[in-house]
Amino acid sequence: MKKTATPESVSTVDDYRRLLHSKKGLEIPSSRSKGALAAIESFILQERLQPGDPLPTENELCERLGVSRSSVREALRQLQALDIVTVHQGRGTYVGEMSLRPFAQMMVLRSSLKSTSLTSLSEVVQVRRTLDIGLAREIVMKVAGKQLTHLHQLVDTMVEKARNGQEFLVEDIEFHTGLVSELNNNLLEELMNALWLVHMSVLPVLPAAGKENMVATAKAHGAMLKAAEAGDALGYMAAVQDHYSPLIESIEALPA
């Protein structure tokens with residue numbers, strides 16, 4: 001059965017708030033741990049380990065890699081921050097999920113700087129729009145002939161909220177994640193969620209969107225969905241352009 005996007009699975013707003021207020025950024029590995037870090041990464045690749053597979057103990061890594069215990073510990077700490085390994089006290093070290101969460105955290109913190117916030121938002125919007133258009137034909141091929149009721153319900157909620165002057169951030173990311181989930185590509189879903197976190201972190205610097213623009217954006221989602229279900233790739237691409245137009249106009253209207 002097809003997995004649908006839910007607030008529990010996406011948790012975009014919660015992720016954004018937690019990452020934005022986190023004071024722990026990604027640290028650059030020190031010179032003494034770089035060798036151990038690279039060696040552990042190479043070990044994972046050479047042994048063809050998968051997420052969840054156990055790694056050797058610290059002592060075994062020291063012997064196999066020919067590095068000191070302190071270097072191994074520091075390397076593991078850095079790799080854990082990157083979600084490449086997971087350390088469970090008393091149980092051992094395992095290959096991590098290797099998600100894009102560290103990338104999202106770094107991008108959120110970077111985009112939160114006043115000197116780069118609008119540039120970051122503009123870049124992210126450009127990447128998101130390029131992805132949506134680039135995936136158009138694949139999504140339309142997968143969705144054509146289907147009736148994605150749960151996405152229609154999200155569109156209805158977005159339109160209703162927009163008419164009431166309310167934001168629809170969670171519904172928005174659920175909608176896009178729901179469409180991309182039709183492709184069964186986990187990396188794409190992670191990438192879109194990561195870009196969305198960055199997008200949300202910068203939105204507060206923009207003036208509040210007018211009700212007319214909010215309604216137009218919400219309805220553009222419905223146009224995307226109807227075009228996909230109808231097998232109309234060109235109509236889908238046009239709806240994507242309409243979806244991003246109000247936001248792009250808002251960014252371009254701001255002082256440099």
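**Packing of helices 9, 10 and 12**

In this predicted model, the axes of helix 9 (residues 149-163) and helix 12 (residues 211-229) come within 8 Å and cross at roughly 165°. Angles over 145 degrees count as roughly antiparallel, and helix 9 and helix 12 are therefore roughly antiparallel to each other. The crossing of these two helices is left-handed. On the side of helix 9, the contact involves Leu151, His152, Val155, Met158, Val159, Ala162 and Arg163. These residues meet Lys211, Met214, Val215, Ala218, Lys219, His221, Gly222, Leu225, Lys226 and Glu229 in helix 12. By class, the residues of the contact of helix 9 with helix 12 comprise 9 nonpolar, 3 polar and 5 charged.

Helix 9 also packs against helix 10 (residues 169-180), with axes that come within 10 Å and cross at roughly 155°. This angle makes helix 9 roughly antiparallel to helix 10. The crossing of helix 9 and helix 10 is left-handed. Leu151, Leu154, Val155, Thr157, Met158 and Lys161 represent helix 9 in this contact. Their partners in helix 10 are Glu171, Asp172, Glu174, Phe175, Gly178 and Leu179. The contact of helix 9 with helix 10 contains 6 nonpolar, 2 polar and 4 charged residues. Leu151, Val155 and Met158 of helix 9 thus appear in the contact with helix 12 and in the contact with helix 10.

The remaining pairing in this group is that of helix 10 with helix 12. Their axes come within 11 Å and cross at roughly 15°. Angles under 35 degrees count as roughly parallel, and helix 10 and helix 12 are therefore roughly parallel to each other. The crossing of helix 10 and helix 12 is left-handed. Asp172, Phe175, His176 and Leu179 of helix 10 make the contact with His221, Met224 and Leu225 of helix 12. In this contact, 4 residues are nonpolar, 2 are polar and 1 is charged. Asp172, Phe175 and Leu179 of helix 10 are found in this contact and also in the contact with helix 9. Similarly, His221 and Leu225 of helix 12 meet residues of helix 10 and belong to the contact with helix 9.

Helix 8 (residues 136-143) was examined for burial. Its buried residues are Ala136, Ile139, Val140 and Val143. Seen down the axis of helix 8, these buried residues fall within an arc of 100°, so they line one face of the helix. Just after helix 8, Gly145 takes a positive phi of about 90°.

A further residue considered is Met106, which lies in helix 6 (residues 101-111). Burial requires a relative accessible area under 20%, and exposure one over 50%; Met106, at 36% relative accessibility, therefore counts as partly exposed. Met106 and Val198 are 92 residues apart in sequence, and their C-alpha atoms are 9.2 Å apart in space.

Turning to the chain as a whole, the protein has 13 helices and 2 strands. Buried residues make up 43% of the 256 residues in the protein chain. Among the contacts in the protein chain with a separation of 6 or more, residues 24 or more positions apart account for 73%.

Methods: Residues numbered from 1 in each chain as written. Predicted model: local features only at pLDDT ≥ 70, side-chain atom pairs only at ≥ 80, totals over all residues. Heavy atoms only, no water. Buried < 20%, exposed > 50% of the residue type's maximum accessible area, 1.4 Å probe, protein only. Helix = DSSP H or I, 4+ residues; strand = E, 2+ residues; numbered from the N terminus. Arc of directions from axis to C-beta. Axes fitted to C-alpha atoms, helices over the stretch in contact; angles between N-to-C directions. Parallel < 35°, antiparallel > 145°, perpendicular 65-115°, else oblique. Left-handed = near helix turned anticlockwise from the far one by under 90°. Contact = heavy atoms within 4.5 Å. Nonpolar A, V, L, I, M, F, W, Y, C, P; charged D, E, K, R; others polar.
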